[in-house]
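Visitor: I'd like a quick tour of this model, please. Could you take me through it by question and answer?

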Amino acid sequence: MDARTEPPSPELHQCDLGIDGMTCASCVARVERALARVPGVTQAQVNLASETARVQWQADVPLAEFKARLLRAVRDAGYEARWPQEGDDEEARLQRELRREAAWVMLGLLLAAPLVLPMVAMPLGVHAMLPPLAQFVLATGVQFGLGARFYRVGLAALRHGSGNMELLVALGTSAAWGLSTWLWWQAAPEEPPQLYYEASAVVIALVRLGKWLEMRARRRTSQAIRALQALRPQQAHLLPDGVRRQTMLDVPVEELLPGDRVLVRAGERIPADGVIEAGQTQVDESLLTGEPLPQPRTVGDAVLGGSINGEGAIEVRITAVGATSTLQRIIALVQDAQAAKPPLQRLVDRVAAVFVPAVVLLALVTAWGWWWAGAGLAQALLHAVAVLVIACPCALGLATPVAIMAGTGAAARHGILIRDPQALERAARVRAVVFDKTGTLTEGRPRLVQLVAAAGVDDQAALRAAAALQQGSSHPLALAVRQAAGQAVLAPAVDVQTVPGRGVRGWVEGVPLALGSPGWMRELDEALGEDALPESWQPVLASQRAAGATLSLLAWQHNGRWRPLALLAFADEPKAGAAEALRTLRQRGIAVVMITGDQRAAAEAMARRLGLRPEDGEVQAEVLPEGKVAAVQMLRQRHGAVAMVGDGINDAPALAAADLGVAMGQGTDVAMQAAGITLLRGDPRLVVAALDIAERTVATIRQNLFWAFVYNTAGIPLAALGGLSPMLAGAAMAASSLSVVTNALRLTRWRPPA
């Protein structure tokens, strides 16, 4: 079939499902397999820590039918699925679930306590063992009341030819309960039987207690998302437009449209992204960008939805709502990072696929070995039960996702958005950081500090000509020229051509003009070389170059030759904290390089103000946009993994080519899409903070995985050799999961390095 006649590929859609009942890595693998088998699903990723599944499907599948298929697939796998957008508030649901689980745990502990206390008192000479019937009643209530969920989910896994934590607990406790019941019925009436009901009851109670504690701890890892979602106000004060609305209306935020005008009173949250049309105020954006101090805003300034208006009432024209708003994009980025799996998780998934069957086989071998060695059936079964309980892979399933949720959440609270776990791992390996100069290390708001016109040319006329030529440009130097021209009336420019990284040329009032760097102007005509410029300009060239100014030449064409018209000098200031950020990176053993298209003299002068050493190769000047990619590749060969920090469209290729792209938040959408990490504030010190939280998060993941593997590697043989009772195994299993979550929670207290 001809390629032009092939139907277009169906569009991919994405949704998130809540999954109830998962407890370990085996559960995650089984839910993923069940979802992946649904027709139309192209990818399914399940997160144990957040109890969610992210599903991608082709848009040609009917939505209602697709939802039903997903829900049924999860239910058939032994779990419950729900659509988070339906029903009650998610936070309220979590609170109800925690209260319900706490009630079950309390009941289990109360029923198990009479079975355990006599054993605890026995070494003290107190013999008060309950009658067998009482033990049977208490243990049976725990086994088939609190333990019902283990049977339900474990048997569902067994029907699908796999295993999970519930299956191991159900097998182990059933063996202890069944053995005790059999010994009771076989015992002679005149002698008390040796029963093990306390083993089954205590294991179930401790496992449920551990899961409750784990649920409480896990909720803290998702606080960042909940805090961001809480920023969305419920209502907006919609102002009259003179046509449809004659009075102000209070409407739900969901009804706002781009172009609407809203009133935001002092102390209220701004309902959506917009631009101030009237009033001035201070805006608190701390929960969005991590900026601790309120920022002044006046007419013409952009404001972000979810930020808090300060002391003055303002009128805002809405520019972005819903999924296109900054707040929703931040939430989506954090959710995407928390839903994705890092490469380290693949090892866990492979282990989980064979772990439970291997443990069941090992438990059988343990029982047979002890029985063959003459320990008796009861003792052999108890050792097998301990193996089944101690091996529950809860910690393995939690090790990675809880660390990612805690790390990315902590980063987001301080204005650092991490796109995915791969960006985390790459950031932890960075050995060199390349900074774009303008707008990244400097304020990006250069000022025209001097203009020298050719003899016989009026300075203001030359300024107006330069401003007219750049009317449609958003380049920082073009903005500086237009700002210097003020309210002057500018002639239209035609046939304007921009040469990225070099300059611009076009026609103004019938005169061909060119404005750009001295190097490019020299390429246009040798008469524009610096040594050929008017002698009266040479002191200006020397003094401005020594001061680190960026120089541009304005020229006009006559009879096929270009002639100098004016020399323009621009000055920019280093960002507060830029020198500190560069110094801190160097102290951490990371190479730093500033890269710019500016003339070398200006670049080196600015570099010295920032504490960089041009003589050591820490400055690369006169680099065109396409040359930045080559510079990144060269630095990778020299140092290793490279991070590129930039904020403009010209930086996007280099951001994509680097091992890690870091985009400044005030930069363009193109730069942010090409980057693995986005900084919501234009503070270079956040680069240090981003690398720091990435290193800590990856280190925490490795610690969790190490201890989870070590726990099972050491615990299973110990249980098989008789060194652990089922009760101790249950307590240790619960403690291991809790320790993994607690270790990850340390990341929630992270603060950017001072």
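Guide: Happy to. One term before we start: a contact here means heavy atoms within 4.5 Å. And keep in mind that this is a predicted model.

Visitor: Among contacts between residues at least 6 apart in sequence, what share joins residues at least 24 apart?

Guide: Contacts count here once the two residues are at least 6 apart in sequence. Within that set, the share joining residues at least 24 apart is 69%.

Visitor: And which element has the lowest mean pLDDT?

Guide: For the protein overall, the mean pLDDT is 81, and 87% of the residues reach 70 or more. Residues 1-8 fall below 50, and beyond near neighbours in sequence that stretch has two contacts in the model. Among the elements, helix 20 (residues 578-587) has the highest mean, 93, while the lowest, 57, belongs to helix 24 (residues 669-674).

Visitor: In the open sheet with the order 10-9-12, which strands stand at the edges?

Guide: That sheet has three strands with antiparallel pairing. Strand 9 (residues 281-284) is joined to strand 12 by two bridges. Each edge strand has a single partner, so one side of it is left without a neighbour in the sheet; the two are strand 10 (295-297) and strand 12 (308-309).

Visitor: Which residue of strand 12 is the bridge partner of Val283?

Guide: Strand 9 and strand 12 run antiparallel. Look across from Val283 into strand 12 and you'll find its bridge partner, Asn309.

Visitor: Is Trp372 buried or exposed?

Guide: Trp372 lies in helix 11. It belongs to a nonpolar surface patch with Trp182, Trp368, Trp371 and Leu377, about 700 Å² of accessible area together. Exposed takes over 50% relative accessible area. Trp372 has 64%, so it is exposed.

Visitor: Which helix gives that patch its largest share?

Guide: The patch is made up of Trp182, Trp368, Trp371, Trp372 and Leu377. Three residues of it come from one helix, and that's the largest share: helix 11 (residues 343-372).

Visitor: Which residue with positive phi follows helix 21?

Guide: Helix 21 (residues 600-609) has Ala602, Ala603, Ala605, Met606 and Ala607 buried. Their cover includes helix 15 (437-441), helix 19 (538-546) and strand 20 (550-558), along with strand 22 (591-595) and strand 23 (619-620). After the helix comes a residue with phi near 85 degrees, Gly611.

Visitor: Last one: what percentage of the protein's residues count as buried?

Guide: The protein has 26 helices and 26 strands. Its accessible surface comes to about 33,300 Å², with 58% belonging to carbon and sulfur atoms. Of its 754 residues, the buried share is 51%.

How values were computed:
Residues are numbered from 1 along each chain as its sequence is written. This is a predicted model: local features need pLDDT of at least 70, side-chain atom pairs count only at pLDDT 80 or more; totals for chains, interfaces and linings use all residues. Side-chain values use heavy atoms; hydrogens and water are left out. Two strands pair if DSSP finds at least two bridges between them. Helices (H or I, at least four residues) and strands (E, at least two) are DSSP runs, numbered from the N terminus. Patches are made of residues with over 30% relative accessible area and no salt bridge: like charges are joined within 9 Å, nonpolar side chains (Val, Leu, Ile, Met, Phe, Trp, Tyr) within 5 Å. Accessible areas come from the Shrake-Rupley method with a 1.4 Å probe; for residues, only the protein chains shown count as cover. A salt bridge is a side-chain nitrogen of Lys or Arg within 4 Å of a carboxyl oxygen of Asp or Glu. Buried means under 20% relative accessible area, exposed over 50%, partly exposed in between (1.4 Å probe, protein chains only). pLDDT is the predictor's confidence in each residue, from 0 to 100.
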